[in-house]
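Here are a few short exercises to work through with the structure open beside you. Try each task on your own before reading its solution.

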Amino acid sequence: MRTGMATATAMAIALVVVLLCIAPRRVRSASDNRLIVGMTLVRNASAIGALCLDGSLPAYHLHRGFGAGANNWLLQFEGGGWCNDIPSCLERANTRRGSTRYMTKYEVFSGILSNNASLNPDFYNWNRVKLRYCDGASFAGDAKFDNGTSLLYFRGQRIWRAIIHDLLPKGLGRAQKALLSGCSAGGLASFLHCDNFAEYLPRNASVKCLSDAGFFLDERDISLNHTMRSFYDDLVSLQGVEKNLDKNCTSSLVYPAMCFFPQYTLKYITTPFFILNSAYDVYQFHHILVPPSADVHGHWNRCKLDPAACTDSQLEILQGFRNDMLATLRMFYQYSGRGGLFINSCFAHCQSELQETWLAVDSPKVNNKTISEAVGDWYYSRRVSKEIDCPYPCDKTCHNLIPVSGNDPTNTKYFGSVIFGIGLASTYLFP
């Protein structure tokens, strides 16, 4: 009996040892399939005062192109919301959104940043750069706060310039093809810096820009307040953004700060532009259309977590938001000969860097075209690429990203076809 028990125990221990030996290999194998790219600090950035909120050096991640793509460049602005007052910016300065000291030193490149030809056929062999975001104003501010106790650098515009000047001698200055893109607050940065990006590059280069989930609407919330307009107005004032906004736009409006909204500056952008956005963008749904201040009793909580739980009246409001977005884009859709568009009906936010939404077996599609195909067709002028989805709930290809809790929406968990993101901070906006 004891011999049998001893034998069984020995076999169990042996099995555990075998499993422990196998498990790390599996984890390592999965990791090996990912492209992980190290951080590069912009060492000379301090010479022009290009500093993160806390005074740390700005940074980017560069993965070199090869073959036919060796002279082509894709720059991707990182997203991460904004801060519009001193307390929220001080808090942000002590996080990865305001300091490279707290950032991960390695980033996974996937989706539009992938180097796998089957997963990113049009850009896989380009030089691909991820610009880290640490200023809180979509790389557009130029100011400083110093009250003798606290010090904050609002230097996004200088960070943009410092990174560009660091990349130009590394090959960007000889680019044949180039694409400036970004997600969320980074997508907004694409609107703000598109034409300036083209000015840095050779005249004969093919330069274009893309915004993913960056078309933030100047929309009233359900209480009829301009919550987002007020937020942006404070941000522009605090961080010294107005002088860096498009001059044609600011001179045409009574309130120049409104040029921070893409819908007002879009018509002045001369570089070819592609707009990728969800008509039911979850960040805009949760923070522009139904911000916490407009739903103090939480009547929209169930709807926010699950679109299928929305009431008929809530769905009507959501459809109204979609209609307003399409109305705002109508002129661009009809008259932009070099522009591209992909507006799907998924409850999502940022779809270009996530492989599952960029290009995969079950990726979202509009008119049977994936996001990757639509962007590639537009960039290479293979065909007109202006895709607009039918209204929710008709699209069965969606991967819905639903923020749940916490304050880092870049962490996502997958449950079937629904992607549950880790939600949004209340102290400052975190798309």
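**Exercise 1: A bridge between neighbours**

Find the residue in E5 that is the bridge partner of Phe-77.

*Solution.* The partner of Phe-77 in E5 is Leu-131. Keep in mind that you are looking at a predicted model. Next, take the strands as a pair: E3 and E5 run in the parallel sense and share 5 bridges. Now turn to strand E2 (residues 59-63), which pairs with E5 in the antiparallel sense over 4 bridges. There, His-61 stands opposite Lys-130 in E5.

**Exercise 2: Both sides of a strand**

Work out which residues of strand E5 (residues 127-131) point which way, and whether they are buried or exposed.

*Solution.* Start with a general rule: in a regular strand, side chains alternate between the two faces of the sheet. In E5, Asn-127, Val-129 and Leu-131 point one way, while Arg-128 and Lys-130 point the other way. Then check the cover: a residue counts as buried when its relative accessible area is under 20%. By that cut-off, 5 of the 5 residues of E5 are buried.

**Exercise 3: The whole sheet**

Place E5 in its sheet: what is the order of the strands, and which stand at the edges?

*Solution.* The open sheet has 10 strands, ordered E4-E1-E2-E5-E3-E8-E9-E10-E11-E14, with mixed pairing. At its edges are strand E4 (106-109) and strand E14 (386-388); each has a single partner strand, so one side of each lacks a neighbour in the sheet. On average, neighbouring strands of this sheet are turned by 20 degrees against each other, direction ignored.

Now step from E3 to E8. Strand E3 (residues 72-77) and strand E8 (residues 177-182) pair in the parallel sense over 6 bridges, and Lys-177 in E8 is the bridge partner of Asn-72. Finally, add helix H4 (residues 185-200), which lies across E3, E8, strand E9 (206-212) and strand E10 (273-278). H4 runs at about 150 degrees to E8.

**Exercise 4: One face of a helix**

Explain why the buried residues of H2 line one face of the helix, and find what covers them.

*Solution.* First list them: in helix H2 (residues 86-93), the buried residues include Ile-86, Ser-88, Cys-89, Arg-92 and Ala-93. Viewed down the axis of H2, the buried residues fall within an arc of 165 degrees, so they line one face of the helix. Their cover includes strand E6 (143-146), strand E7 (151-154) and helix H5 (227-239).

How values were computed. Residues numbered from 1 in each chain as written. Predicted model: local features only at pLDDT ≥ 70, side-chain atom pairs only at ≥ 80, totals over all residues. Heavy atoms only, no water. Buried < 20%, exposed > 50% of the residue type's maximum accessible area, 1.4 Å probe, protein only. Helix = DSSP H or I, 4+ residues; strand = E, 2+ residues; numbered from the N terminus. Arc of directions from axis to C-beta. Contact = heavy atoms within 4.5 Å. Pairing = 2+ DSSP bridges. Axes fitted to C-alpha atoms, helices over the stretch in contact; angles between N-to-C directions.
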